[in-house]
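Q: I would like a close look at a single part of this structure, followed by a connected account of its surroundings. Please keep the treatment formal and specific.

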Amino acid sequence: MNMDYSLEKNDTFAAMAEKDPNTLISLMNNKETSDDNLIILAESAGLIADEGKVVPTLLKLLDHKNPEVREAAVYGIGCFISETVTDALIDVIAHDENETVKEAARNMPAVEYLLETIDSSGIEGDEDGSD
């Protein structure tokens, strides 16, 4: 029963992302929104067509205390490919204390492309370990 309710909320928030993105963003910015709802909202936010509207809110959620909310923000923000998004995801990989959140960031298209580009370019650190 609870799963059905969750699926219904997923559909509602996904539709909201497409038809009424300002309301979805307002809910993500509302301090009264529960973590469970923030998770669904953040994932749905990736469906918002206007990156400029939603990315700033998702960037804030990358610092949320709940790692599940941070992971959802990674999934939401990972739908966009820009320097800002890539930089934010790299920061998550470097600094988030939760491995699940880091792994989600590693698997986002912008980061995968960047890592593949670095690997194929032959860029490596100094062999002696010096800078």
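Which helix gives the most to the lining of the largest pocket?

A: Helix H4 gives the most to that lining, with three residues. The model is a predicted one, and the description below begins at this pocket and then moves outward to the parts around it.

The largest pocket has a volume of about 200 Å³. Its lining consists of Met 28, Asn 29, Asn 30, Lys 31, Thr 33, Asp 35, Leu 38, Thr 57, Lys 60, Leu 61, His 64 and Lys 65. Besides H4, helices H2 and H3 are also contributors, since each of H2, H3 and H4 supplies at least two residues of the lining. By class, the lining residues divide into three nonpolar, five polar and four charged.

Met 28 links this pocket to the interior. It is one of the lining residues, and it is also among the residues with the most contacts inside the largest nonpolar core. Setting aside neighbours within four places in sequence, Met 28 is in contact with Leu 38, Leu 41, Ala 42, Ala 45, Val 54, Thr 57, Leu 58 and Leu 61. Of these partners, Leu 38, Thr 57 and Leu 61 also line the largest pocket, while Val 54, Leu 58 and Leu 61 are listed among the residues with the most contacts inside the core.

That core comprises 33 residues, and Leu 24, Val 74 and Leu 89 are also among those with the most contacts inside it. At least two core residues come from each of helix H1 (2-19), helix H2 (21-29), helix H3 (35-44), helix H4 (51-61), helix H5 (67-77), helix H6 (83-95) and helix H7 (99-106).

Helix H2, which contributes to both the pocket lining and the core, also contains Pro 21. Pro 21 is buried, with a relative accessible area of 16%. Outside its neighbours within four places in sequence, Pro 21 is in contact with Met 16 and Ile 48. The C-alpha atoms of Pro 21 and Ala 49 are separated by 8.6 Å, although their positions lie 28 residues apart along the chain when counted as a sequence separation.

His 64 leads from the largest pocket to the second largest one, as His 64 is found in the lining of the former and in that of the latter. About 160 Å³ of space lies in the second largest pocket. His 64 is joined in this lining by Leu 59, Leu 62, Asp 63, Arg 70, Ala 88, Asp 91, Val 92, His 95, Asp 96 and Glu 97. Here the largest share, four residues, comes from H6. The lining of the second largest pocket divides into four nonpolar, two polar and five charged residues.

Two of the charged residues in this second lining, Arg 70 and Asp 96, form a salt bridge whose closest N and O atoms are 2.6 Å apart. Arg 70 lies in helix H5 and Asp 96 in the loop between H6 and H7, so the pair ties together parts that are 26 residues apart in sequence. Both partners are buried.

Arg 70 belongs to a helix that is mostly covered: eight of the eleven residues of H5 are buried. These are Val 69, Arg 70, Glu 71, Ala 72, Ala 73, Val 74, Gly 76 and Ile 77. The buried residues of H5 pack against H3, H4, H6 and H7.

Helix H6, the main supplier of the second lining, also holds Thr 86. Thr 86 is buried, with a relative accessible area of 12%. Not counting residues up to four places away in sequence, Thr 86 touches Ala 110 and Leu 114.

The salt bridge of Arg 70 is one of five in the model. Two others involve Arg 106. Glu 103 and Arg 106 meet in a salt bridge at 2.9 Å, N to O. Being three residues apart in helix H7, Glu 103 and Arg 106 are separated by about one helical turn. Salt bridges that share partners join Glu 99, Lys 102, Glu 103 and Arg 106 into one network. Within it, Glu 99 pairs with Arg 106, the closest N and O atoms being 3.9 Å apart. Glu 103 counts as partly exposed at 38% relative accessibility, and Arg 106 is partly exposed as well, with a relative accessible area of 28%.

Note on methods:
Residues are numbered from 1 along each chain as its sequence is written. This is a predicted model: local features need pLDDT of at least 70, side-chain atom pairs count only at pLDDT 80 or more; totals for chains, interfaces and linings use all residues. Side-chain values use heavy atoms; hydrogens and water are left out. A nonpolar core is a set of buried Ala, Val, Leu, Ile, Met, Phe, Trp, Tyr and Cys residues joined through side-chain atoms within 4.5 Å. Buried means under 20% relative accessible area, exposed over 50%, partly exposed in between (1.4 Å probe, protein chains only). Contact means heavy atoms within 4.5 Å. On a 1 Å grid over the protein atoms alone, a cavity is a set of points where a 1.4 Å probe fits but cannot get out, and a pocket is an open set with protein on both sides within 12 Å along at least five of seven lines; lining residues have an atom within 4 Å of a point. Grid points are joined across faces, edges and corners, and a volume is the space filled by probe spheres set on the points. Ala, Val, Leu, Ile, Met, Phe, Trp, Tyr, Cys and Pro count as nonpolar, Asp, Glu, Lys and Arg as charged, and the others, Gly among them, as polar. A salt bridge is a side-chain nitrogen of Lys or Arg within 4 Å of a carboxyl oxygen of Asp or Glu.
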